[in-house]
Amino acid sequence: MASLELGRISIRLYAFEVINNEIQNRLLPLLACVANKDEVLDLQDVFRRFSFDSICKFSFGLDPKCLELSLPISQFAISFDLASQLSAERAMNVSPIVWKIKRFFNIGSERKLKKALKLINILAQEVIRQRRKLGFSNHRDLLSRFIQGDIVNETYLRDIVISFLLAGRDTVASASTSLFYLLAKNPRVAEKIREEVNEVLGLNQELTSCEQLRDLHYLQASIYESMRLYPPIQFDSKFCLDDDFLPDGTFVKKGTRVTYHPYAMGRMEELWGVDYLEFKPERWINKDSVFSQENPFKYPVFQAGVRVCLGKEMALVELKSVALSFLRRFNVELAHSSHHIPRFSPGLTASFRGGLPVFVREIK
């Protein structure tokens, strides 16, 4: 059902409307408030709030207003971050027995996780209740379409809410953060994006449709190159349903866990050449100056085959819209040394430890 709905032109137009409204009415005014004041802004936190507002409005028709100028934060988002962190930290234990014992006795990190999950479930149920209470007069958000469909199980609807939040909020925020980290370190790329945007849209002309985004080949190349170096999901696993063979002939027994690592794959010289550590969008541009997609099995950031990411196109629309709107009005400077190397916090998606502290400068 999600695949069918996300493929509709109407839902894509609605997503573009939601994203553009959040950019114009919240993101840009917030950036304008801190620009040129030598105030350090955590851009990772801003992008998390932005993507949380966007996915809630698009998926559920509700607005948590996390990116208002006063920068409030919803309890839902706080609990979500904590649950994600604690779930990921389970894998860092010496043995699964450690966290299972904690869970049995309801102590330590497992007690915190249980409390966070309880609150998430309550709030997800409240999202569904509010959606029913407000009615389905426009039927534009995804949750309304699910409720109006054949899905009546409340627990299943709750899990859909949580899944869409996890997929639509954290990944886009992670990708946005790493993109602007790399743009701050590579102002040449930022300037080329501005030149392309002005050429495609017209000088000082606003973005008015999704179709305009398709002609921004260098911007798309920059986003793909950023996610090659810093994929939002750094590693992922599948479990083999039946006995099988990998393409190289390796036998994989039924039930085997097979893990692949996009972060490592994006930094392999044999795949990307001797300049594999360079942020080089040009590697995605062909001789006709058009974006050229690599084999998705070489670049599994959006997964590949029948498991390709359902929200891929939505994510790209959001990333492109944010990048072009931001770069046309502002420059971003890293608050720490340009030689600083990002470290990652435990989590289900990649996030910079300590955030992304920056200075925002308005372009004269």
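A salt bridge is a side-chain nitrogen of Lys or Arg within 4 Å of a carboxyl oxygen of Asp or Glu. The structure is a predicted model, in which local features need pLDDT of at least 70 and side-chain atom pairs count only at pLDDT 80 or more, while totals for chains, interfaces and linings use all residues. Residues are numbered from 1 along each chain as its sequence is written, and side-chain values use heavy atoms, with hydrogens and water left out.

**Exercise 1.** Describe the salt bridge between Lys 280 and Asp 275, and state whether each residue is buried or exposed.

*Solution.*
Step 1. The side chains of these two residues, Lys 280 and Asp 275, meet at 2.9 Å, N to O.
Step 2. Buried means under 20% relative accessible area, exposed over 50%, and partly exposed in between, with a 1.4 Å probe and protein chains only.
Step 3. Lys 280 is partly exposed because its relative accessibility is 31%, and Asp 275 is buried because its value is 15%.

**Exercise 2.** Determine how Asp 45 and Arg 49 are placed in helix 3 and how their side chains meet.

*Solution.*
Step 1. Helices are DSSP runs of H or I with at least four residues, and strands are runs of E with at least two; both are numbered from the N terminus.
Step 2. Asp 45 and Arg 49 are four residues apart in helix 3, so about one helical turn separates them.
Step 3. An α-helix has 3.6 residues a turn, so residues three or four places apart point the same way.
Step 4. The two side chains, of Asp 45 and Arg 49, form a salt bridge of 2.8 Å, N to O.
Step 5. Asp 45 is partly exposed, at 26% relative accessible area, whereas Arg 49 is buried, at 10%.

**Exercise 3.** Identify which residues of helix 4 are buried and what covers them.

*Solution.*
Step 1. Helix 4 comprises residues 75–89.
Step 2. Its buried residues are Phe 76, Ala 77, Ser 79, Phe 80, Ala 83, Ser 84, Leu 86 and Ala 88.
Step 3. The cover of these buried residues includes helix 3 (43–60), helix 6 (108–134) and helix 8 (154–185).

**Exercise 4.** Explain how the side chains of strand 6 are arranged and how this strand is joined to strand 7.

*Solution.*
Step 1. In strand 6 (residues 330–334), Phe 330, Val 332 and Leu 334 point to one face and are buried.
Step 2. Asn 331 and Glu 333 point to the other face and are not buried.
Step 3. Strand 6 runs antiparallel to strand 7 (residues 357–362), and five bridges join them; strands pair if DSSP finds at least two bridges between them.
Step 4. Leu 334 has Val 358 of strand 7 as its bridge partner.

Notes
Expected span 1.5 Å × (residues − 1). Contact = heavy atoms within 4.5 Å.
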